[in-house]
Amino acid sequence: MKYNRRDFIGGSLALTSALFLTSMETFSMPFSGSEKSTNGFALKIMAPYWGFNGSVTDFCKKAKDSGYDGIEILWSAEIAEELFKALKKYQLEVGFLCRGDETLPVPHFATFKKVLKEAIEHQYQKPLYINVHSGKDFFQYQDNKKFIDFTVQYAQETGVPIYHETHRSRMLYSAPASLPYLQENPDLRLTLDISHWCNVSESLLEDQPETVELAISRTDHVHARVGHAEGPQVSDPRAPEWKQAVEAHFAWWDKVVAIKKQQGKILTMLTEFGPPSYMQTVPFTNLPVADQWAINVYMMQVWRKRYL
């Protein structure tokens, strides 16, 4: 029996669609292991501006139309006026990413403080939270600790939560590197992007459960990207070959949600599957192997069905 290229593609798409449905059904089931929620629990799901090709206004409209509660975006005074008009128009919450990039601790810390103050002390909309890329992986402990000490005090002064992201090249780039910061700074609060730790350790962290549990207990914000032993992002979380990695991440997220439900506190989440080169591409074309926006919307929908 002969098959032409169209038959092959059509059959492949049909099989892929069936597998996608199976994956969606599996992780969209309500999470039965979470504690009964107490008054005060809320889940806010944010859209990533990273990778969007268009204006801030267009992005806010698309985020609203897709069903997001808000957006997360790198703070920039240059786009503030347009951004806050769009946020008001589309009734969206906002969280900002703030960071410094200098390679020396003193100027890096100065930039970090300046950007944070700009992102919080403006006359527009109060951010839901600030996510920070803190320090550098090659800074000394005492230099990185300054970032923690400043944000703890500044969050108390302003009433805006500030979360330190578990991110490669930064202070909390791996589980073992993060452990002393977590142990010695009890007020340190996290953005848990555990995909980075998987990538750095070349594992799904099976051999570091105690550190992972400690990080989960300090988590207030999640970047819901699925990583794996050889990279920070699977090609498509709906694909069956990534089942083990997806299951591991949902097991971690289940615990975060259970804690917040038990405490009756808010949890924010960013669907953070990124564009090329985070997303794999077809060789010689730089074409992404999947639709970034569709994957992030998928993750948003799964979280809503699983945890609400």
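**Close-ups of salt bridges and pockets**

**View A. Glu118 sits partly exposed, at 28% relative accessibility.** Partly exposed means between the buried cut-off (under 20% relative accessible area) and the exposed one (over 50%), with a 1.4 Å probe and protein chains only. The model is predicted, so local features need pLDDT of at least 70 and side-chain atom pairs 80 or more, while totals for chains, interfaces and linings use all residues. Residues are numbered from 1 along each chain as its sequence is written, and side-chain values use heavy atoms, leaving out hydrogens and water. Glu118 pairs with Lys114 in a salt bridge (Lys or Arg side-chain nitrogen within 4 Å of an Asp or Glu carboxyl oxygen), with 2.8 Å between the closest N and O atoms. Because the partners are four residues apart in helix α4 (residues 105-120), about one helical turn separates them. Helices (H or I, at least four residues) and strands (E, at least two) are DSSP runs numbered from the N terminus.

**View B. Lys145 and Asp149 make a salt bridge along helix α5.** Here the N to O distance is 2.9 Å. The two lie four residues apart in α5 (residues 141-158), so they are about one helical turn from each other. Asp149 is partly exposed, with 38% relative accessibility.

**View C. Arg225 reaches Glu272 in a salt bridge, with 2.7 Å between the closest N and O atoms.** This pair ties together distant parts of the chain, 47 residues apart. Arg225 is in the loop between β7 (219-223) and α9 (243-263), and Glu272 is in the loop between β8 (266-270) and β9 (281-282). Both partners are buried.

**View D. Arg99, Asp101 and Arg170 join up in a salt-bridge network.** Across the whole structure, a search turns up 16 salt bridges.

**View E. The largest pocket has 20 lining residues.** A pocket is an open set of 1 Å grid points over the protein atoms alone where a 1.4 Å probe fits, with protein on both sides within 12 Å along at least five of seven lines; lining residues have an atom within 4 Å of a point. Trp50, Leu97, Arg99, His133 and Glu272 lie nearest the centre. Strands β2 (70-74), β3 (93-99) and β4 (129-133) each give at least two lining residues, and β2 tops the list with three.

**View F. The second largest pocket draws on α9 and β8.** Each of these two elements supplies at least two of its lining residues. Among the residues lining this pocket are Tyr129, Tyr163, Arg189, Asp220, Lys260, Lys265 and Thr268.
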